[in-house]
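Here's a walk through one protein model with a ligand in it, taken piece by piece. Have the viewer open and follow along.

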Amino acid sequence: MRHVVITGGASGLGRVMAERFLSEGDRVAICDADPHAVLEFAGAHPDQIACVADVTDEAQMQTFFDQIDAGWVRVDVVCANAGIGGPAGRIEDLSLADWNRCIEVNLSGTFLICRWAARRMRAAGQGLIVLTSSTAGQFGYPLRSPYATAKWGIVGLTKTLAMELGPAGVRVNAICPGAVEGDRMDRVVAMEAAASGKSHDEVRALYVKGVSLRSWVTAEDVADTVSWLASPQAKRISGQILAIDGHTETLTP
Ligand code: NAD
C-alpha cells in the first residue's frame, strides 16, 4: 500500500488519479482550493485525508502537511497536479494580475508541495514526485502565453529536482497531458473561441488536427501513466517529460 498526496485532487484529473490509487489499495491525501469539491471527496472517502488548501497559500498548505504528518509515517508518491488555465488573449491585451495568478498557481504553486515532499523523501531515501505540465510545456501556445510559460517552468523544475533528489533515491517526472475531454477543456475552448473569433467546433477541430493520433485524451489515459510511473516497472524512470497526448505535432488554436 502506497501513501499518495495529490494537489487539486478533489476534481478533474487529480480526482481521477486519486480514484485510481484508491482502487489499487493505496491511501490518498488530497488538497483542493474548492471547498465544495473537498466536501464531496471527503463524503465519498471518509477514511482518506481531504483538506481545503490553496497551493499558493503557505499557511493553508502547512495545515494540510500537518494533517498528513500526524496520520502517516511515510509518503511514497506526490502528484503536484493543481493548476488553472489562466487567461486567453494576445499579450497586448493581458493584465498583469491575470499573468501573475496564472504563474502563481501553475508554477509557484508547485514549490511548497515539492519542498515538503523533497524533505520527507530525501530523509526516507525513496519516493516519486509527478509534476503536471502540459503539451503547453512543450510547444509555443498562441493566445495562452502565461500558461505556456508556467508549464515550461514545470519542465525546468522537474529536470532540476530529478538531479537534486536522484542521488537520494527519489524519482521526479513530469506528465504533459494533451487536450483532455472534460469540463476544463470545455471552458478552455469557450475562452479561446472568444479570444480568436472562431467557433467552438473550429477550436476543438484545431486541437485534433495537430495530433498524430487525431484524438483527444481521457482522464483515464492520464491516470494510466501516473499509475505506471508509481509502479515498480518504472523504477528507473526519472527526469522524464512524458507526453500523454497522441503525439502533438503543433499547437494551432
Ligand atoms: P480542473 O479545473 O478540472 O481541476 C483542477 C482542480 O485543481 C480543481 O479541483 C480545482 O479546484 C483545483 N485547484 C485550482 N487551483 C487551485 C489552487 N490554487 N490550489 C489548490 N487547488 C486548486 O483541471 P484539470 O484538467 O483537472 O487540470 C489538472 C492539471 O492538469 C492542471 O495542472 C492542468 O494545467 C493540467 N492539464 C490539464 C489538461 C486538460 O486538458 N484538462 C491538459 C494539460 C494539462
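## Past the last strand

Let's start at His 247, which sits in the segment after strand S7 (241-244). This is a predicted model, so the usual care with local detail applies. His 247 has a positive phi of about 70 degrees, although it is not a glycine. For context, most residues other than glycine have a negative phi. With a relative accessibility of 49%, His 247 counts as partly exposed, because exposed means over 50%.

## The loop before H5

Leu 143 is another non-glycine residue with a positive phi, this one near 75 degrees. You'll find Leu 143 in the loop between S5 and H5.

Arg 144 also has its place in the loop between strand S5 (127-132) and H5. Is Arg 144 buried or exposed? At 1% relative accessibility it counts as buried. And which side chain does the side chain of Arg 144 meet in a polar contact? That would be Glu 192, at 2.6 Å.

## Helix H1

H1 covers residues 12-23, and here's a quick sanity check on its geometry: at 1.5 Å a residue, its twelve residues should span 16 Å, and the end C-alpha atoms are 17 Å apart, which agrees.

Plenty of H1 is tucked away: Gly 14, Arg 15, Val 16, Met 17, Ala 18, Arg 20, Phe 21 and Leu 22 are buried. As a reminder, an α-helix has 3.6 residues a turn, so residues three or four places apart point the same way. After H1 comes Gly 25, with a positive phi near 90 degrees.

## Around the ligand

Now for the part you'd probably dock into. The ligand is surrounded by 28 residues, and the closest are Ser 11, Leu 13, Asp 32, Asn 81 and Tyr 147. By class, that shell has twelve nonpolar, nine polar and seven charged residues. H1, helix H4 (96-124), helix H5 (145-165) and helix H6 (183-196) each supply at least two residues of the shell. The largest share, three residues, comes from H6. Why does the ligand lie between two domains? Domain 1 (3-178 + 218-244) and domain 2 (180-216) both give residues to the shell, so the ligand lies between them.

On the polar side, a backbone atom of Asn 81 is 2.7 Å from an oxygen atom of the ligand. Lys 151 brings a polar side-chain atom to 2.9 Å from a ligand oxygen, and a polar backbone atom of Gly 178 is 3.5 Å from a ligand oxygen. How much of the ligand does the protein bury? Taken alone the ligand exposes 830 Å², and the protein buries 91% of that.

## Two long-range pairs

Val 78 lies in strand S4 (residues 77-80), and its relative accessibility of 0% means that it counts as buried. Val 78 and Val 4 are 74 residues apart in sequence, yet their C-alpha atoms are 5.8 Å apart in space.

Gly 156, found in helix H5, is partly exposed, with a relative accessible area of 34%. Its C-alpha atom is separated by 9.9 Å from that of Gly 239, which is 83 residues away along the chain.

Key:
Residues are numbered from 1 along each chain as its sequence is written. This is a predicted model: local features need pLDDT of at least 70, side-chain atom pairs count only at pLDDT 80 or more; totals for chains, interfaces and linings use all residues. Side-chain values use heavy atoms; hydrogens and water are left out. Helices (H or I, at least four residues) and strands (E, at least two) are DSSP runs, numbered from the N terminus. The expected span of a helix is 1.5 Å times one less than its number of residues. Buried means under 20% relative accessible area, exposed over 50%, partly exposed in between (1.4 Å probe, protein chains only). A residue is near a molecule or strand if one of its heavy atoms lies within 4 Å of it. A polar contact is a pair of N or O atoms within 3.5 Å; within protein, one must be able to donate a hydrogen and the other to accept it, and residues adjacent in sequence count only if both atoms are side-chain atoms. Accessible areas come from the Shrake-Rupley method with a 1.4 Å probe; for residues, only the protein chains shown count as cover. Ala, Val, Leu, Ile, Met, Phe, Trp, Tyr, Cys and Pro count as nonpolar, Asp, Glu, Lys and Arg as charged, and the others, Gly among them, as polar. Domain bounds come from an automatic or database domain assignment.
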